[in-house]
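User: Please take a close look at one part of this model, the open parallel sheet and the helices that lie across it, and then place the enclosed space and the unusual backbone angles alongside it.

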Amino acid sequence: MEKIHILTDSSADIPQALVQAHGIEIVPITITHEGRAFREYYDITPEEYWKLLTDSREIPATAMVTPATFLDSYRRAAERGCTHLLGLLINGNGSGTYQAACLAREMFREAYGDSMHIELFDSATYTYIYGHIVVLAATLRDQGDSFEAICGVVRSRLARVEAFLGVYSLKHLKRSGRISGGAAFVGEALGLKPISHVYDGGVTVCGKVRGEKALVAGLVGKVSDRVVQPEKQRAIVLYGDVPAARIDELDERLRTEIGFRTVERCPIGPSVITNTGPQALAVAFYGKPRR
């Protein structure tokens with residue numbers, strides 16, 4: 001009989017209640033700020049981190065999960081009698097965490113052979129965009145689905161999930177060096193708000209709107225152009241330190257203008273918000289499958 005363990009890294013931004021309800025293991029990414037190191041998910045809340053990032057002059061550094069940490073997780077799962085392990089992890093193009101997990105799998109095989117089957121997935125994306133798929137996998141496991149069937153669902157979902165991300169302020173992008181000071185100055189002067197497409201391992205600026213009020217409309221327009229059968233799916237609103245009125249507006253327009261069946265909200269955690277800045281707002285959804 002299969003006994004399946006499911007793990008992910010803290011960048012998945014899975015709400016604590018869901019982690020506990022489904023017994024998902026969260027392997028923490030480490031954040032270092034002004035000489036202090038803390039573990040994402042365990043040591044600081046997203047809201048606390050947004051304030052830290054806003055008030056600080058220093059950009060915190062993130063560190064990938066090490067192979068040794070993953071190897072310890074695999075060993076503990078095997079010692080509990082798990083026959084299968086599924087890991088779904090942060091975009092391999094933006095972090096070495098997935099590669100570390102793969103290296104740890106080889107180390108485990110060298111030491112323990114095929115005593116536990118380990119299947120690892122590079123999500124090719126960030127935050128709860130893949131975190132909700134981890135929750136789905138754990139739900140299917142709890143319902144008694146086979147490991148093979150669960151892996152099939154994960155592959156299918158990863159091939160279709162995408163997101164659009166809007167940023168209300170360019171100040172953080174300037175501080176972190178992701179855009180030049182000149183570009184930030186011009187953008188702020190004109191009130192420009194960039195929208196990026198989070199898709200297939202990349203984050204690409206795909207449009208700009210002028211003014212804070214236009215950003216929600218811009219996100220809704222981008223999603224509308226790419227979503228497939230919204231009436232059969234749930235949109236996921238991902239947010240940072242953004243006024244509640246903007247989040248409410250986005251939620252409402254996704255339902256009424258696009259026709260999503262439901263909308264789920266999730267705060268963006270430290271390892272992702274470090275790169276976007278605190279004033280970020282995004283929508284994750286399912287579009288056409290990629291090859």
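Analyst: The account below begins with the sheet and then turns to the cavity and to two loop residues. The model is a predicted one.

The sheet is open and consists of four strands in the order 2-1-6-7, paired in parallel fashion. In general, strands of a sheet pair through backbone hydrogen bonds, in either a parallel or an antiparallel manner. At the edges stand strand 2 (25-27) and strand 7 (117-122); each has a single partner strand, so one side of each lacks a neighbour in the sheet. From one strand to the next, the twist averages 20°.

Within this order, strand 1 (residues 4-9) and strand 6 (residues 84-89) run parallel and are joined by five bridges. In this part of the sheet, His5 is found opposite Leu85 of strand 6.

Two helices lie across these strands. Helix 4 (residues 97-112) lies across strand 1, strand 6 and strand 7, and its direction makes an angle of about 165° with strand 7. Helix 6 (residues 147-158) likewise lies across strand 1, strand 6 and strand 7, but runs at about 10° to strand 7.

As to enclosed space, the structure contains one cavity of 30 Å³ or more. The volume of the largest cavity is about 40 Å³. Its lining is formed by Ser123, Ala124, Thr125, Ile129, Val161, Glu162, Val198, Tyr199, Asp200 and Arg290. Strand 8 (161-167) and strand 9 (192-199) are the elements that contribute two or more residues to this lining. Classified by type, the lining of the largest cavity comprises five nonpolar, two polar and three charged residues.

The backbone angles remain. Most residues other than glycine have a negative phi. Glu34, a residue other than glycine, has a positive phi near 50°. Glu34 lies in the loop between strand 3 (30-33) and strand 4 (36-39). With a relative accessibility of 53%, Glu34 counts as exposed, because the threshold for that class is over 50%.

Gln229 is not a glycine either, and its phi is positive at about 50°. The loop that holds Gln229 connects helix 9 (212-226) and strand 11 (234-239). Gln229 has a relative accessibility of 43% and therefore counts as partly exposed.

Definitions and conventions: Residues are numbered from 1 along each chain as its sequence is written. This is a predicted model: local features need pLDDT of at least 70, side-chain atom pairs count only at pLDDT 80 or more; totals for chains, interfaces and linings use all residues. Side-chain values use heavy atoms; hydrogens and water are left out. Buried means under 20% relative accessible area, exposed over 50%, partly exposed in between (1.4 Å probe, protein chains only). Two strands pair if DSSP finds at least two bridges between them. Axes are lines fitted to C-alpha atoms, for helices over the stretch in contact, and angles run from 0 to 180 degrees between N-to-C directions. Contact means heavy atoms within 4.5 Å. On a 1 Å grid over the protein atoms alone, a cavity is a set of points where a 1.4 Å probe fits but cannot get out, and a pocket is an open set with protein on both sides within 12 Å along at least five of seven lines; lining residues have an atom within 4 Å of a point. Grid points are joined across faces, edges and corners, and a volume is the space filled by probe spheres set on the points. Ala, Val, Leu, Ile, Met, Phe, Trp, Tyr, Cys and Pro count as nonpolar, Asp, Glu, Lys and Arg as charged, and the others, Gly among them, as polar.
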